[in-house]
Amino acid sequence: MATAMNAAERFAHWRTVRRGLLDALNVLSDEQLAFVPRAGLWSLGTVARHIAEAEEGWFRHIVTGELDEWPQFTEAAYPTIASIMALLTEVHDRTMAFLAKTDVDDLDRVIDTPWDETIRLEWIVWHVLEHEAHHRGEIYLMLGLMGMEAPDV
C-alpha cells in the first residue's frame with residue numbers, strides 16, 4: 001500500500017533552490033550586502049531579506065493566519081550575512097514543516113486573501129518557490145557584477 005505524498009515531498013526541488021541561495025550568500029562579506037547594481041535598485045541584502053519576507057508573509061500571514069500582518073525584516077534587525085542566513089533558514093524550516101503536514105490533496109484548498117482574492121494553496125507554494133528562484137537569480141547577477149562567480153544551477 002502506497003503512502004500519501006505530502007506537499008513537502010511534492011516541492012522537494014525547493015531544497016535545491018534554497019541551497020543555491022545560501023551558497024551564494026555564503027561567499028559574501030557583510031559589507032557586500034550593501035551592493036546596489038545602480039541607483040534606485042535594492043541592495044543585495046534587501047533582496048535577500050525580501051525573499052524571507054515574502055515566504056513568511058505568504059505562509060504565516062496569508063495561509064495560516066499566524067501573523068496579523070505581513071512581516072518586515074529590516075536591515076537593522078538583520079544586518080549581517082549570518083543573521084540573514086539564519087532568518088532564511090528559520091522561515092524556510094517553518095514553511096517546510098507546514099508543507100510536511102499538508103497532504104497533496106490539500107493543495108487544492110482555496111485561501112481567502114486580505115485583498116479579497118481567492119487563491120489555491122498550490123498556486124501560493126509555486127508562487128513563493130518561483131519568487132525565490134527569481135530573486136536568487138538576481139543575487140547571482142549581483143555576484144557577477146561584483147566580479148564574483150555565482151554557484152552552478
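## The tryptophan cluster

Trp58, Trp70, Trp115 and Trp123 form one aromatic cluster. The model described here is a predicted one, and its aromatic pairs number 7. One of them joins Trp58 and Trp70 in an edge-to-face arrangement, with 6.0 Å from centre to centre and 80 degrees between the planes. This pair links distant parts of the chain: Trp58 belongs to helix 3, whereas Trp70 lies in the loop between helix 3 and helix 4, 12 residues apart. Trp58 is buried, with a relative accessible area of 9%. Trp70 has 28% relative accessibility and therefore counts as partly exposed.

Trp58 also pairs with Trp123, again edge-to-face, at 5.8 Å centre to centre and with 65 degrees between the planes. Because Trp58 lies in helix 3 and Trp123 in helix 5, this pair ties together parts that are 65 residues apart in sequence. Trp123 counts as partly exposed, at 42% relative accessibility.

## Salt bridges between helices

The structure holds 9 salt bridges. Side chains of opposite charge can pair when their charged atoms come close. In one of these bridges, the closest N and O atoms of Glu132 and Arg18 are 2.6 Å apart. Glu132 is in helix 5 and Arg18 in helix 2 (residues 14–26), so that the pair links distant parts of the chain, 114 residues apart. Both Glu132 and Arg18 are buried.

A second bridge brings together the side chains of Arg94 and Glu56, at 2.5 Å from N to O. Arg94 is part of helix 4 and Glu56 part of helix 3 (residues 44–63), so this pair ties together parts that are 38 residues apart in sequence. Burial is not equal across the pair: Arg94 counts as partly exposed at 29% relative accessibility, whereas Glu56, at 3%, counts as buried. Glu56 and Arg94 also belong to a network of salt bridges that includes Arg60, Glu66 and Glu90. Within this group, Arg60 bridges to Glu66, and their closest N and O atoms are 3.3 Å apart.

## Two nonpolar cores

The largest nonpolar core has 22 residues, and those with the most contacts inside it are Leu25, Leu44, Leu88 and Ile139. Helix 2, helix 3, helix 4 and helix 5 are the elements that give two or more residues to this core. Helix 4 gives the most, with 6 residues.

Leu88 shows the surroundings of one such core residue. Not counting residues up to four places away in sequence, Leu88 touches Leu21, Leu22, Leu25, Ala48, Ile51 and Ala52, together with Arg18. Arg18 is also the partner of Glu132 in the salt bridge described above. Apart from the largest core lies another, of 21 residues, among them Ala7, Ala8, Ile119 and Leu121.

## Thr102 in its loop

Thr102 is located in the loop between helix 4 (81–100) and strand 1 (110–112). Its relative accessibility is 7%, so Thr102 counts as buried; the cut-off for burial is under 20%. The side chain of Thr102 reaches the backbone oxygen of Phe98 at 2.7 Å.

Leaving aside neighbours within four places in sequence, Thr102 is in contact with Asn6, Ala7 and Leu121. Of these contacts, Ala7 and Leu121 are among the residues of the core of 21 residues.

## Helix 5 and residues with positive phi

Helix 5 (residues 121–145) has 25 residues. From its first C-alpha to its last, helix 5 reaches 36 Å, close to the 36 Å expected at 1.5 Å a residue. Gly147 follows helix 5 and has a positive phi, near 80 degrees.

Asp116 also has a positive phi, near 60 degrees, in a residue other than glycine. Asp116 is placed in the loop between strand 1 and strand 2 (118–120). With 76% relative accessibility, Asp116 counts as exposed, because the cut-off for exposure is over 50%.

Technical notes. Residues are numbered from 1 along each chain as its sequence is written. This is a predicted model: local features need pLDDT of at least 70, side-chain atom pairs count only at pLDDT 80 or more; totals for chains, interfaces and linings use all residues. Side-chain values use heavy atoms; hydrogens and water are left out. Helices (H or I, at least four residues) and strands (E, at least two) are DSSP runs, numbered from the N terminus. The expected span of a helix is 1.5 Å times one less than its number of residues. Buried means under 20% relative accessible area, exposed over 50%, partly exposed in between (1.4 Å probe, protein chains only). A polar contact is a pair of N or O atoms within 3.5 Å; within protein, one must be able to donate a hydrogen and the other to accept it, and residues adjacent in sequence count only if both atoms are side-chain atoms. Contact means heavy atoms within 4.5 Å. A salt bridge is a side-chain nitrogen of Lys or Arg within 4 Å of a carboxyl oxygen of Asp or Glu. A nonpolar core is a set of buried Ala, Val, Leu, Ile, Met, Phe, Trp, Tyr and Cys residues joined through side-chain atoms within 4.5 Å. Rings of Phe, Tyr and Trp (its six-membered ring) pair if their centres lie within 6.5 Å; planes under 30 degrees apart count as stacked, over 60 as edge-to-face and the rest as tilted.
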